[in-house]
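These are my notebook entries on a single model. I set down what I looked up, entry by entry.

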Amino acid sequence: MKQAIEFHFHQADTLFVGGRKAQPHATFLYVHKGAALIRLGKNEFPVCAGQSYWLPSGCLNAVTILQGSDVSTLDFSVRTIVALPTQSGFFSPSPLLDGLMAELGHHQKLGATDWDSAYGRLLRCLRDYVTIHPPFQSMSKETALLEKAIDKLAKGQLGDIAENNALELSLQLSVDALSDQLLVREWVRAMKSGQKVAKIASKASLNEEEVAAKLKAIAGY
């Protein structure tokens with residue numbers, strides 16, 4: 001990292017499948033549109049539009065950004081001189097957070113990203129916010145319902161009506177579309193581990209052309 005705090009905007013035209021790793025820096029993740037899925041241990045937490053999540057330095061995690069989502073991240077170097085939160089979790093929704101993320105994105109588009117300018121002050125404002133208002137580890141009932149429904153879909157099972165309705169409302173994505181993305185995510189992971197399309201297709205009882213087409217359309221592979 002060149003700076004103590006770095007801002008990045010991610011427009012996921014295709015599904016992003018991050019590997020499981022312990023990151024050397026802390027990360028504040030904010031979803032503008034769509035959703036990101038954050039796996040910690042055996043749990044996978046959905047972070048939906050308007051929500052933000054904290055990953056402390058050294059936290060073993062895997063991040064998936066669903067196709068069509070817009071996500072911003074702020075990475076905090078271990079060189080940061082303030083005491084940052086040491087536990088992962090969601091932040092309470094805040095108009096201040098919404099405004100900070102919008103302004104940071106605006107400055108980045110303009111190329112006005114000098115550390116000693118307003119851009120740098122916005123970064124430090126966000127840093128101060130997370131030290132004063134640390135994340136909470138408990139999930140809301142709505143998030144717990146989404147987590148349960150996504151876990152079922154990832155295992156090839158359909159949720160009940162309430163779970164499916166909650167998914168479509170929160171993610172602005174049909175259950176079938178989400179199911180396809182979760183399936184393709186597993187194919188991408190298999191390919192990263194060295195499997196060929198032919199083997200993936202055989203396991204899925206599909207022809208190679210169908211698998212290749214889905215990989216291309218959803219994950220850009």
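**Entry 1: helix packing**

I find that helices H5 and H7 are roughly perpendicular to each other, which follows from their crossing angle. I worked with a predicted model throughout. The axes of H5 (residues 175–192) and H7 (residues 208–219) cross at roughly 105° and come within 10 Å. I then listed the residues that make this contact: H5 contributes Asp180, Gln181, Val184, Trp187, Val188 and Met191, and H7 contributes Val211, Lys214, Leu215, Ile218 and Ala219. Sorted by class, the contact of H5 with H7 holds eight nonpolar, one polar and two charged residues.

I turned next to H3 (residues 141–154) and H4 (residues 161–171), which pack at an angle of about 100° with their axes 9 Å apart. Because the range from 65 to 115 degrees counts as roughly perpendicular, I entered H3 and H4 as roughly perpendicular to each other too. On the H3 side I noted Leu145, Leu146, Lys148, Ala149, Ile150, Lys152 and Leu153; these meet Ala162, Glu163, Ala166, Leu167 and Ser170 in H4. The contact of H3 with H4 comprises eight nonpolar, one polar and three charged residues.

**Entry 2: aromatic rings**

How many aromatic pairs does a search of the whole structure find? I recorded five. One of them joins Phe45 and Tyr53, a stacked pair with 6.0 Å centre to centre and 25° between the planes. Phe45 and Tyr53 are both buried.

Tyr53 also pairs with Phe90, and here the geometry is edge-to-face, at 4.8 Å centre to centre and 90° between the planes. This pair links distant parts of the chain, since Tyr53 belongs to strand S7 (residues 52–55) and Phe90 to strand S10 (residues 89–90), 37 residues apart. I checked burial once more: both Tyr53 and Phe90 are buried.

Elsewhere I noted a cluster in which ring pairs link Phe28, Trp54, Phe76 and Phe91. I also looked for a charge over a ring and found Arg124 over the face of Trp115, at 4.9 Å from the ring centre.

**Entry 3: two alanines**

Is Ala35 buried or exposed? I entered Ala35 as buried because its relative accessibility is 0%, and the cut-off for buried is under 20%. Ala35 lies in strand S5 (residues 35–40). Leaving aside residues up to four places away in sequence, I found that Ala35 touches Val47, Cys48, Thr64, Ile65, Leu66, Ser69 and Leu171. I also took the C-alpha separation of Ala35 and Gly50, which is 9.5 Å for 15 residues along the chain.

Ala177 is placed in helix H5. With 26% relative accessibility, I classed Ala177 as partly exposed. Ala177 and Ala49 are 128 residues apart in sequence, and their C-alpha atoms are 17 Å apart in space.

**Entry 4: positive phi in loops**

Where is Gln172 placed? I located Gln172 in the loop between H4 and H5. Its phi is near 55°, a positive value in a residue other than glycine. Gln172 counts as exposed, at 64% relative accessibility.

Ser205 is not a glycine either, yet has a positive phi of about 55°. I placed Ser205 in the loop between helix H6 (197–204) and H7. With a relative accessible area of 65%, Ser205 is exposed.

Terms used:
Residues are numbered from 1 along each chain as its sequence is written. This is a predicted model: local features need pLDDT of at least 70, side-chain atom pairs count only at pLDDT 80 or more; totals for chains, interfaces and linings use all residues. Side-chain values use heavy atoms; hydrogens and water are left out. Rings of Phe, Tyr and Trp (its six-membered ring) pair if their centres lie within 6.5 Å; planes under 30 degrees apart count as stacked, over 60 as edge-to-face and the rest as tilted. Buried means under 20% relative accessible area, exposed over 50%, partly exposed in between (1.4 Å probe, protein chains only). Helices (H or I, at least four residues) and strands (E, at least two) are DSSP runs, numbered from the N terminus. A charge sits over a ring if NZ of Lys or CZ of Arg is within 6 Å of the ring centre and within 35 degrees of the ring normal. Axes are lines fitted to C-alpha atoms, for helices over the stretch in contact, and angles run from 0 to 180 degrees between N-to-C directions. Angles under 35 degrees count as roughly parallel, over 145 as roughly antiparallel, 65 to 115 as roughly perpendicular and the rest as oblique. Contact means heavy atoms within 4.5 Å. Ala, Val, Leu, Ile, Met, Phe, Trp, Tyr, Cys and Pro count as nonpolar, Asp, Glu, Lys and Arg as charged, and the others, Gly among them, as polar.
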